[in-house]
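Q: I am new to this structure and would like a close look at a single part. Please take the place where the two chains meet, and then show me what lies around it.

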There are 2 protein chains.
Amino acid sequence: MITVALAKGALLKDSVSRFARAGLDFSTVLDTGNRQLMVPSPCGRARALLVRNGDVPVYVAYGQAQLGVVGFDVLREQQMPVAHLVDLGFGSCHMAVAVKEGNGYVRATDLPPHCRVASKFTNCARSFFDELDLPVELVHLTGSVELGPITGMTEAIVDLVATGRTLRDNGLIEIEELFQSTARLVGNPLALRLDRGELQKIVEAIRFK
Amino acid sequence: MITVALAKGALLKDSVSRFARAGLDFSTVLDTGNRQLMVPSPCGRARALLVRNGDVPVYVAYGQAQLGVVGFDVLREQQMPVAHLVDLGFGSCHMAVAVKEGNGYVRATDLPPHCRVASKFTNCARSFFDELDLPVELVHLTGSVELGPITGMTEAIVDLVATGRTLRDNGLIEIEELFQSTARLVGNPLALRLDRGELQKIVEAIRFK
């Protein structure tokens, strides 16, 4: 039985359609009435685990799922020991530094040393500012990071930007990009090593568009 | 201007009704169509910040909100420097250790040393198992913690239990309680120290039922 960890939310629909090419039908997870977290494929040889974005690498790293689909942003943030197999192309966004419009910063190095920066991705933010050799105080938030600069708690944010609408709606502008992100197919290293071709076949079917 | 950090979700309705007693009307945050994160009170002397549960102590600790309402579970997990002012009584639940039904464990010390335990509250779980002197490997998950034992990834979970329905639905049983939790009114220590009576009046109005 092959188990695939799928992230709830924005990546789910495209993830399901990519696995369909490999003959694995997980479309039940898209039913709005679905409350199951473990969804078997009708073919009987696979099942999907429906988990939060940030939990996909955990299930794959511990081998409870042999494969998983998750955003590169999560992989960068968590650094879990999983194999990166395929860049799936969808779920495109980027990690960026943003500040309040009109405060004059045009790049990250303009930020005052020891200023506060809010983020859900504090590991990504830390390594970015460490590389710039700019000391900042990171404030970890779990949602609505844009409130950081709006309330005056932080000078900047590091957050994912897809369309840029959230930034605009909140009077923020992007001043620097950390990296691009898309959905990735990841695998459990040991499961891939012991694979007798079954996983590889799925990976290949998903790889070729 | 007084700013109050309110947690989205289960505690919101009761939080709003307790502040109404103090003459602060934040009922706009309950409108299903509301998308604002900063909601002014019609009286003009206060506003609510609508944030995630886990972010309430952050806004209060940094002084962006002078008061906040959040579950004791979050306060225990995060240990942010905020003043605990009033036990509001609502939002009652408890933190518990749960295992798969039928695996024979009747208390936490029955768990095998170095077994895995999944939790969203890894700080609470760590201090609980440290006190028992039972070494366990904590697996941090962000949601659906019950999948840990179901998939066989972990032997137990540490999670919040309100009605117990989620545990029952997933074939899990509770074997030990860590602590009880209810909603708490918290405050920024410095704001309380500098208060000229305005915050105190609100706290008193909220305290007495």
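A: What follows starts at the contact between the chains and then moves into each chain.

This is a predicted model. Begin with the contact itself. On one side are 19 residues of chain B, and they are in contact with 19 residues of chain A. Three elements of chain B each supply at least two residues of this side. They are strand S3 (46–51), helix H2 (56–61) and helix H5 (147–151). By class, the side of chain B that touches chain A has ten nonpolar residues, seven polar ones and two charged ones.

Next, how the chains are related. Chain B is superposed on chain A by a rotation of 180 degrees, with 0.0 Å of shift along the axis. The RMSD is 0.0 Å. This is the relation of a two-fold axis. Look for B:Thr142: in chain B, its C-alpha is the one nearest the axis, at 5.3 Å. Both copies use the same surface, and 100% of the contact residues of chain B recur in chain A.

Now the nonpolar cores. The largest one has 60 residues. Those with the most contacts inside it come from both chains: A:Ala5, A:Leu6, A:Leu49, A:Val56, A:Tyr59, A:Val69 and B:Val158. Take A:Leu6 as an example. Beyond its neighbours within four places in sequence, A:Leu6 is in contact with eight residues, including A:Leu12, A:Ser15, A:Phe26 and A:Val29. A:Ala48, A:Leu49, A:Leu50 and A:Val69 are also among the contacts of A:Leu6. Another core, of 59 residues, lies apart from the largest one. Among its residues are A:Ala96, A:Val117, A:Leu178 and B:Val56.

A:Ser15, a contact of A:Leu6, leads to a helix. Helix H1 of chain A covers residues 12–21, and A:Ser15, A:Val16, A:Arg18 and A:Phe19 are buried in it. Seen down the axis of H1(A), these buried residues fall within an arc of 165 degrees, so they line one face of the helix. They pack against strand S1 (2–7), strand S4 (67–71), strand S11 (183–187) and helix H8 (198–207) of chain A. After H1(A) comes A:Gly23, with a positive phi near 85 degrees.

Chain B has its own helix H1, residues 12–21, with B:Ser15, B:Val16, B:Arg18 and B:Phe19 as its buried residues. Here too the view is down the helix axis: the buried residues of H1(B) fall within an arc of 165 degrees, so they line one face. Their packing partners are strand S1 (2–7), strand S4 (67–71), strand S11 (183–187) and helix H8 (198–207) of chain B. Just after H1(B), B:Gly23 has a positive phi of about 80 degrees.

Step back to chain A as a whole. Its secondary structure comes to eight helices and eleven strands. Its C-alpha atoms fill a box of roughly 60 × 35 × 25 Å along the principal axes. Of the 209 residues in chain A, 43% are buried. Among contacts in chain A between residues at least 6 apart in sequence, 64% join residues at least 24 apart.

Chain A is assigned two parts: domain 1 (2–91 + 182–207) and domain 2 (93–179). The C-alpha centres of domain 1 and domain 2 of chain A lie 30 Å apart. Four residues of domain 1 of chain A are in contact with seven residues of domain 2 of chain A. The domain 1 side of that contact has no nonpolar residues, one polar residue and three charged residues.

How values were computed
Residues are numbered from 1 along each chain as its sequence is written. Chains are lettered from A and ligands numbered from 1 in the order in which they are written. This is a predicted model: local features need pLDDT of at least 70, side-chain atom pairs count only at pLDDT 80 or more; totals for chains, interfaces and linings use all residues. Two residues are in contact if their C-beta atoms, placed from the backbone, lie within 7 Å. Helices (H or I, at least four residues) and strands (E, at least two) are DSSP runs, numbered from the N terminus. Ala, Val, Leu, Ile, Met, Phe, Trp, Tyr, Cys and Pro count as nonpolar, Asp, Glu, Lys and Arg as charged, and the others, Gly among them, as polar. Domain bounds come from an automatic or database domain assignment. Copies are superposed by least squares on the C-alpha atoms of residues with pLDDT of at least 70 in both. A residue is buried if 20 or more other C-beta atoms lie within 10 Å of its own, exposed if 12 or fewer, and partly exposed in between; C-beta atoms are placed from the backbone. The arc is that of the directions from the helix axis to the C-beta atoms. A nonpolar core is a set of buried Ala, Val, Leu, Ile, Met, Phe, Trp, Tyr and Cys residues joined through C-beta atoms within 7 Å.
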